[in-house]
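Subject: Structure handover

Hi,

Here is the structure I promised to pass on. Have a look at it first, then read on for what I found.

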Amino acid sequence: MTPDDFDRLVRTRRSVRGYLPDPVDPGVIEAALQTALWAPSNCNVQPWRIELVSGARLRSLGQAMIAHAQSGKAHPDVPMDTAYRGIFRDRQVGSARALYGAMGIARDDMPGRTAAFLRNLDAFGAPHAAFVFLPAGFGIREAADLGGFVQTFLLALTAQGLGSVAQGALSLYPDILREELGLEKGDQLMVGIAFGHEDPAHPANAARTDREGLEGMVRHHG
Ligand SMILES: Cc1cc2nc3c(=O)[nH]c(=O)nc-3n(C[C@H](O)[C@H](O)[C@H](O)COP(=O)(O)O)c2cc1C
């Protein structure tokens, strides 16, 4: 693999928010997970714990989360309460504009935006979702390890020709997930990853994001 090959792989990955229902070959999922295990972590503690939910089980979980979202408050294990300001807010608005623009949802169409948000909770119709937990008692330092795991998994899926999207939204209702899967409370749900075969006809998949340049992000010393 050349550096250009790797660069192409990284740039080929993008967030996919519309899927075909066809399941992914279990061997392919296994291979992508095996690759992701090779992400680095603090002291090699490998703090990732995954619950993989597929098919009809994922659809009923999605319906349960959507029902809860419409009636109750979110209680994520890891608070999601940062208000983005300044350039971060500008980038957040830019990505939302790209997505809602691709879906033809106007800025002031609140029901449309709510419906688009709720698609998150059904994993955008993907046949699979990996729910990524941080073990009880671990904090920000180990959460960085999960970031490496998540990106490695996303790239492994991309290399297999699959679509994927990391979703903080899938971590909003951890008690519903625990109830549906019969899990003990303790480990902290950080993020979900929906994946499967991309539906190329879904309008959400026409959205594209860009990136700021390195200036302002990287300073060289010495
Ligand atoms: C940790 C994390 C959480 C995210 N949560 C969501 C989410 O809840 N819903 C969503 O549609 N996209 C989510 N995204 C996808 C980002 O919006 C996306 O990565 C960003 O806009 C850049 O676009 P790209 O992935 O297509 O390059 C998340 C990404 C990451 C890394």
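Q46 counts as partly exposed, at 37% relative accessibility. On that scale, buried means under 20% relative accessible area, exposed means over 50%, and partly exposed is what lies in between, using a 1.4 Å probe and the protein chains only. You'll find Q46 in the loop between helix 2 and strand 1. Its phi angle is near 50°, a positive value in a residue other than glycine. C43 sits in the loop between helix 2 (26-36) and strand 1 (49-54), and its phi is near 55°, again positive in a residue that is not glycine. C43 counts as exposed, because its relative accessible area is 76%.

Before you go further, two notes on how to read all this. This is a predicted model, in which local features need pLDDT of at least 70 and side-chain atom pairs count only at pLDDT 80 or more, while totals for chains, interfaces and linings use all residues. Residues are numbered from 1 along each chain as its sequence is written, and side-chain values use heavy atoms, with hydrogens and water left out.

Now the strands. Helices (H or I, at least four residues) and strands (E, at least two) are DSSP runs, numbered from the N terminus. Two strands pair if DSSP finds at least two bridges between them.

How many residues of strand 2 are buried? Seven of the seven, across residues 128-134. H128, A130, V132 and L134 point one way from this strand, and A129, F131 and F133 point the other way. V132 counts as buried because its relative accessibility is 0%.

Strand 2 has these neighbours:

- Strand 1 runs antiparallel to strand 2, and six bridges join them. I50 has V132 as its bridge partner in strand 2.
- Strand 4 also runs antiparallel to strand 2, joined by seven bridges. Here L134 stands opposite Q188 of strand 4.

M190 is a nice one to click on in strand 4. Its relative accessible area is 23%, so M190 is partly exposed. M190 and V132 are 58 residues apart in sequence, yet their C-alpha atoms are 5.9 Å apart in space. M190 and L134 are 56 residues apart in sequence, with 6.6 Å from C-alpha to C-alpha.

For a contrast, try P127, in the loop between helix 5 (110-121) and strand 2. P127 is buried, because its relative accessible area is 4%. The C-alpha atoms of P127 and A83 are separated by 32 Å, with the two positions 44 residues apart along the chain.

Strand 3 (residues 163-167) has four of its five residues buried. Strand 3 pairs with strand 4 (residues 188-196) in the antiparallel sense, over five bridges. Within that pairing, A166 stands opposite I193 in strand 4.

Strand 3 also brings us to the ligand. Which element gives the most to the shell around the ligand? Strand 3 does, with three residues. In total, 14 residues surround the ligand, and the closest are S15, R17, N120, G168 and R211. A residue is near a molecule or strand if one of its heavy atoms lies within 4 Å of it. By class, the shell has four nonpolar, six polar and four charged residues. Ala, Val, Leu, Ile, Met, Phe, Trp, Tyr, Cys and Pro count as nonpolar, Asp, Glu, Lys and Arg as charged, and the others, Gly among them, as polar.

Three polar contacts are worth finding on screen (such a contact is a pair of N or O atoms within 3.5 Å):

- An N or O atom in the side chain of S15 is 2.6 Å from an oxygen atom of the ligand.
- A polar side-chain atom of R211 lies 2.8 Å from a ligand oxygen.
- A polar backbone atom of A169 is 2.9 Å from an oxygen atom of the ligand.

The protein covers 63% of the 620 Å² of accessible area that the ligand has on its own. Accessible areas come from the Shrake-Rupley method with a 1.4 Å probe.

Finally, a label from a record: UniProt places the feature "domain: Nitroreductase" at residues 10-197, in an unreviewed entry. Such annotations may be inferred rather than shown by experiment. The end C-alpha atoms of residues 10-197 lie 18 Å apart, and the span is 47% helix and 14% strand.

Cheers

How values were computed: A polar contact is a pair of N or O atoms within 3.5 Å; within protein, one must be able to donate a hydrogen and the other to accept it, and residues adjacent in sequence count only if both atoms are side-chain atoms.
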